[in-house]
Amino acid sequence: MDDRTLATAAVRLLRDGVAPRHVRRCIEELRAHRADLCTQLRAQGLDADAAAAEADARLGTVDAFCDAMRARPELRGWAARAPWLVFGIAPLLAFALLGTGLLVLFGTTVDALSPATKATFDASQWRIVGALLVGAVKWALPLGVCAALIAIAWRGRRRPWWPAAGALLTVAFAAAVTMRFIAPEGTAQGQLTVGLGFPPRDVLRLVVLAAVALAGVALLGARERAERLGVRADA
Amino acid sequence: MPRQGASLMSGIPELLLLRLLARQEMYGYEIARALRVATGDAIQLGESVLYPALHALEERRFVASRRRLVDGRTRVYYRVTASGQRRLERLTADWRRIAGAVESTLQEPDHG
């Protein structure tokens, strides 16, 4: 159970759905355990090679370890247990909640400003603030949610199909969001309108968001292929 | 002593781990050593399979863990929780009942 064997075992366990936090910590604990065993055996007079061989014998085979991990349903990660929840529902909820939160935060902040402070902003400055807000909700937020989705799949060595479906759902939902910001000008009050329109009319936004999100998802597939080739080369 | 098969051992590691950790907080390597001493090497598991068992117990809230830096190395220490203590009492009672039943069967004279 040298470092290379443990690294290969970690990838196998992640692919089989064991939660990344359990895999990472178990591997860390096994490394420390092996180091302790080697130290103890060397103190008993064994040379380095003999101590390593005896330590490996006491730890058991990597297959037995992986089987024991897989046999424990409690150790499975949510991404493997309920991919529809992690990659389907959670990103939609995250987008809706974060988007709403951002708009509420903006509205509350503007309301809290004194009339004198508001008067220091001219119409062009309000337009910049509005463009940033609209850009955050229409572009940055869906891409951020897709990035989080891909990061979860990356960490858990998930296959790209669920993340791809989740990313497409998220960008479709985001593209259905309509927003319009009218800057306050003179005595006229500003206005922010937000709505949802299905099917999304902003096809360009849908296509661009989908292309960027799927490019990220493609990294998952690329790594999976690279690792498969690596395993074949090792074999 | 040959190593026992996994099916024969199922359930026993949980009982032994909870019993050992009920005495004192320990990290994996210490647990493996304590197990060898406590069982007189009668139960020999691949020591690596301790960790899935410990993590499963932790996931079920029967044990809790914390990291401690000892001699420059980070160790993950495990201890039994209150629900782990109750689980240990239940498992111990079950084991004693089964062991007692097996023992009394073995002690019965042949009927043949």
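Helix axes here are lines fitted to C-alpha atoms over the stretch in contact, and angles between them run from 0 to 180 degrees. The model shown in these views is predicted.

**View 1. Helices α6 and α9 of chain A pack side by side at about 25 degrees.**
Helix α6(A) covers residues 83-112, and helix α9(A) covers residues 161-175. Their axes lie 9 Å apart. Angles under 35 degrees count as roughly parallel, so α6(A) is roughly parallel to α9(A). The crossing of α6(A) past α9(A) is right-handed. On the α6(A) side, the contact uses P83(A), W84(A), F87(A), G88(A), P91(A), L92(A), F95(A) and A96(A). On the α9(A) side, it uses W162(A), P163(A), G166(A), L169(A), T170(A), F173(A) and A174(A). Twelve of these contact residues are nonpolar, three are polar and none is charged.

**View 2. R157(A) sits in the loop ahead of α9, between α8 and α9 of chain A.**
Helix α8(A) spans residues 123-155. R157(A) has a phi near 50 degrees. That value is positive, in a residue other than glycine.

**View 3. Chain B combines five helices with three strands.**
Along the sequence, the order is α-α-β-α-α-β-β-α. Chain B has 112 residues, and 40% of them are buried. Among contacts in chain B with a separation of 6 or more, 52% join residues 24 or more positions apart.

**View 4. Helix α4 of chain B, residues 50-59, is largely enclosed by the rest of the structure.**
Nine of its ten residues are buried, so the helix counts as largely enclosed. The buried set is L50(B), Y51(B), P52(B), A53(B), L54(B), H55(B), A56(B), L57(B) and E58(B). Both chains supply the surroundings. From chain A come α2 (20-43) and α4 (62-70). From chain B come α2, α3 (28-38), β2 (63-70) and β3.

**View 5. A56(B), a residue of helix α4 in chain B, touches chain A residues.**
Its partners are R72(A), E74(A) and L75(A), leaving aside residues up to four places away in sequence. Buried means under 20% relative accessible area; A56(B) has 0% relative accessibility, so A56(B) counts as buried. P109(B) is 53 residues from A56(B) along the chain. The C-alpha atoms of A56(B) and P109(B) are 42 Å apart.

**View 6. R61(B) follows helix α4 of chain B and has a positive phi.**
R61(B) belongs to the loop between α4 and β2 of chain B. Its phi is near 65 degrees, a positive value in a residue other than glycine. Exposed means over 50% relative accessible area. R61(B) has 57% relative accessibility and therefore counts as exposed.

**View 7. Helix α5 of chain B runs through residues 82-107.**
At 1.5 Å a residue, its 26 residues should span 38 Å. The end C-alpha atoms are 37 Å apart, which agrees with that expected span. The buried residues of α5(B) are G84(B), R87(B), L88(B), L91(B) and T92(B). Their cover includes α2 (12-23) and β3 (73-80) of chain B.

Key
Residues are numbered from 1 along each chain as its sequence is written. Chains are lettered from A and ligands numbered from 1 in the order in which they are written. This is a predicted model: local features need pLDDT of at least 70, side-chain atom pairs count only at pLDDT 80 or more; totals for chains, interfaces and linings use all residues. Side-chain values use heavy atoms; hydrogens and water are left out. Helices (H or I, at least four residues) and strands (E, at least two) are DSSP runs, numbered from the N terminus. Angles under 35 degrees count as roughly parallel, over 145 as roughly antiparallel, 65 to 115 as roughly perpendicular and the rest as oblique. A crossing is left-handed if the near helix is turned anticlockwise from the far one by less than a right angle, and right-handed if clockwise. Contact means heavy atoms within 4.5 Å. Ala, Val, Leu, Ile, Met, Phe, Trp, Tyr, Cys and Pro count as nonpolar, Asp, Glu, Lys and Arg as charged, and the others, Gly among them, as polar. The expected span of a helix is 1.5 Å times one less than its number of residues. Buried means under 20% relative accessible area, exposed over 50%, partly exposed in between (1.4 Å probe, protein chains only).
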